[in-house]
Amino acid sequence: MTTATAPPQFDLQQYKSLENDALAARIQAVRDSLGPELLVLGHHYQQDEVIDQVDLSGDSYQLSRTAADSTECRHIAFCGVHFMAETADILANRPEKLAERGGERVRVVLPDLAAGCSMADMAAIEQIEDAWDQLAEVLDADDITPVTYINSAASLKAFVGRHGGIVCTSSNAKAALDWAFARTSRVMFFPDQHLGRNTALGMGITQQQMPLWDPYADDLGGNDEGALARSKVILWKGHCSVHMMFKPEHVAMLREKHPGIKILVHPECPREVFELADESGSTGKIIKTVEAAPPGSKWAIGTELHLVNRLQQEHPEQEIYFLSPVVCMCATMYRIDLAHLCWSLENLAAGTPVNTIEVDPDIARWSLVALERMLEVK
Ligand code: SF4
């Protein structure tokens, strides 16, 4: 949900014709005037000029932790996508933090409300509830732990919190599955089938034990009762369109062209690519892996284009290639630009904030239960 406030003092249109240098200077002026009360967070997939303006860049887990631990900040401008801003709002405004601040909320602003996530949109709360009800007709629902990837709406995180489940990130997906299997013999994993499958395969769970739940199928997600009875992990039929662009033939092409090259991919990639990779991990891990490699190392990296381009610029001592001949960038992350950031920050400083993300209190309460479990398991 977004909170209604006074009409913005400044109109977005006037920012769109400004040069990036002018916008950067005005953004810096707001950051100087608000000081530590303002935290600008940026996901690794953001454009370079946006990353240049943030206090911290990171993956979903790192940014969530920062929002959760913030003490001085009263405003967060989140350069990322909608579910990330929701998560920041829930963690920064959890009851103990509100009490520390005498009830004062941290305002979380998403510079462009159109910055969503196509993967998160592949699982609506009504679809998840319907799937859960159907599963409860053929399986013991008390023996299923729901696990949602952090790339999901707050309503799904709340569902998971209410049903004894956990949120995971690409950094702690295995730990989250271990946590779940210590409680129940089955897991329902959404919305990204690939993160769920790649992680579970690495834990020795077989493909046959991972039926795919299609929310558009007529009955039981397109499965028969026997397949669900044999299941260990029921995977939701969702994916990231950016990481789906990487193909096994790209791996073969890069290996042939650059002997000795190592393939490093994000676990949102499909299994056929993930299995061919030498290393894998969250964006945070991808960055650390490159940073730790000796000069002359050769990498083909399968994740969002902006991050790979930045790694190429920051590590000229290494040979870094993008693992696809096709441009794979996150179009919704790309919606955040300096014009939107400057517009949202200047309105914030003027007391007419725009694009505030404030999660419904009941959804926030139950999401927090699942998010706190996420922060506990590494
Ligand atoms: S890269 Fe994929 S999962 Fe990440 S925000 Fe974009 S669409 Fe969503």
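User: Why is Pro146 called buried?

Analyst: Pro146 has a relative accessible area of 0%. Buried means under 20% relative accessible area, exposed means over 50%, and partly exposed lies in between, with a 1.4 Å probe and the protein chains only. The value of 0% is under that limit, and Pro146 therefore counts as buried. Pro146 belongs to strand β5.

User: What kind of model do these values come from, and how are residues numbered?

Analyst: This is a predicted model, in which local features need pLDDT of at least 70 and side-chain atom pairs count only at pLDDT 80 or more, while totals for chains, interfaces and linings use all residues. Residues are numbered from 1 along each chain as its sequence is written, and side-chain values use heavy atoms, with hydrogens and water left out.

User: What makes β5 a mostly covered strand?

Analyst: Strands are DSSP runs of E with at least two residues, helices are runs of H or I with at least four, and both are numbered from the N terminus. β5 spans residues 144–149, and 6 of its 6 residues are buried. On one side stand Ile144, Pro146 and Thr148, on the other Thr145, Val147 and Tyr149, and all are buried, so that both faces meet the definition of covered residues.

User: How do you know that β5 pairs with β7 and with β6?

Analyst: Two strands pair if DSSP finds at least two bridges between them. β5 and β7 (residues 186–190) share 5 bridges in the parallel sense, and Pro146 has Met188 of β7 as its bridge partner. β5 and β6 (residues 166–168) share 3 bridges, also in the parallel sense, with Val147 opposite Ile166. Both counts satisfy the requirement of at least two, and the strands are therefore paired.

User: What makes the unit of β5, α8 and β6 right-handed?

Analyst: A crossover is right-handed if, with the strands pointing away from the viewer, the path from the first strand over the helix to the second runs clockwise. β5, helix α8 (residues 154–162) and β6 form a β-α-β unit that is right-handed in this sense.

User: Which strands are the edges of the sheet that contains β5, and what makes them edges?

Analyst: The sheet is open, has 5 strands in the order β6-β5-β7-β9-β8, and is paired in parallel. Its edge strands are β6 and β8 (212–213), since each pairs on one side only. β8 pairs with β9 (residues 233–236) over 2 parallel bridges, and Trp213 stands opposite Trp236 there.

User: How do you know that β10 also has strand partners?

Analyst: β10 (residues 262–265) is joined to β12 (residues 298–302) by 4 bridges, and these two strands run parallel. β10 also pairs with β11 (residues 279–280) in the parallel sense, over 2 bridges. Leu264 takes part in both pairings: Ile301 of β12 stands opposite Leu264, and Glu279 is the partner of Leu264 in β11.

User: What makes the backbone at Leu220 and at Asn355 worth noting?

Analyst: Leu220 has phi near 45°, a positive value in a residue other than glycine. Leu220 lies in the loop between β8 and α11 (225–229), and counts as buried because its relative accessible area is 9%. Asn355 also has a positive phi, of about 55°, although it is not a glycine. Asn355 is in the loop between α16 (338–349) and α17 (361–376), and with 16% relative accessibility it too is buried.

User: Where is a cis peptide bond found, and what is its omega?

Analyst: The cis bond joins Phe190 and Pro191, with omega of about -10°. Pro191 is in the loop between β7 and α10 (193–202).

User: What makes an empty space a cavity here, and which residues line the largest cavity?

Analyst: On a 1 Å grid over the protein atoms alone, a cavity is a set of points where a 1.4 Å probe fits but cannot get out, and lining residues have an atom within 4 Å of a point. Grid points are joined across faces, edges and corners, and a volume is the space filled by probe spheres set on the points. The structure holds 1 cavity of 30 Å³ or more, and the largest cavity contains about 40 Å³ of space. Its lining consists of Ser60, Leu63, Ser64, Phe78, Met84, Thr87, Ala88 and Ile150. At least two of the lining residues come from each of α4 (60–69) and α5 (82–92).

Definitions and conventions. 1 Å grid on protein atoms, 1.4 Å probe; cavity = no way out; pocket = protein on both sides within 12 Å on 5 of 7 lines; lining within 4 Å.
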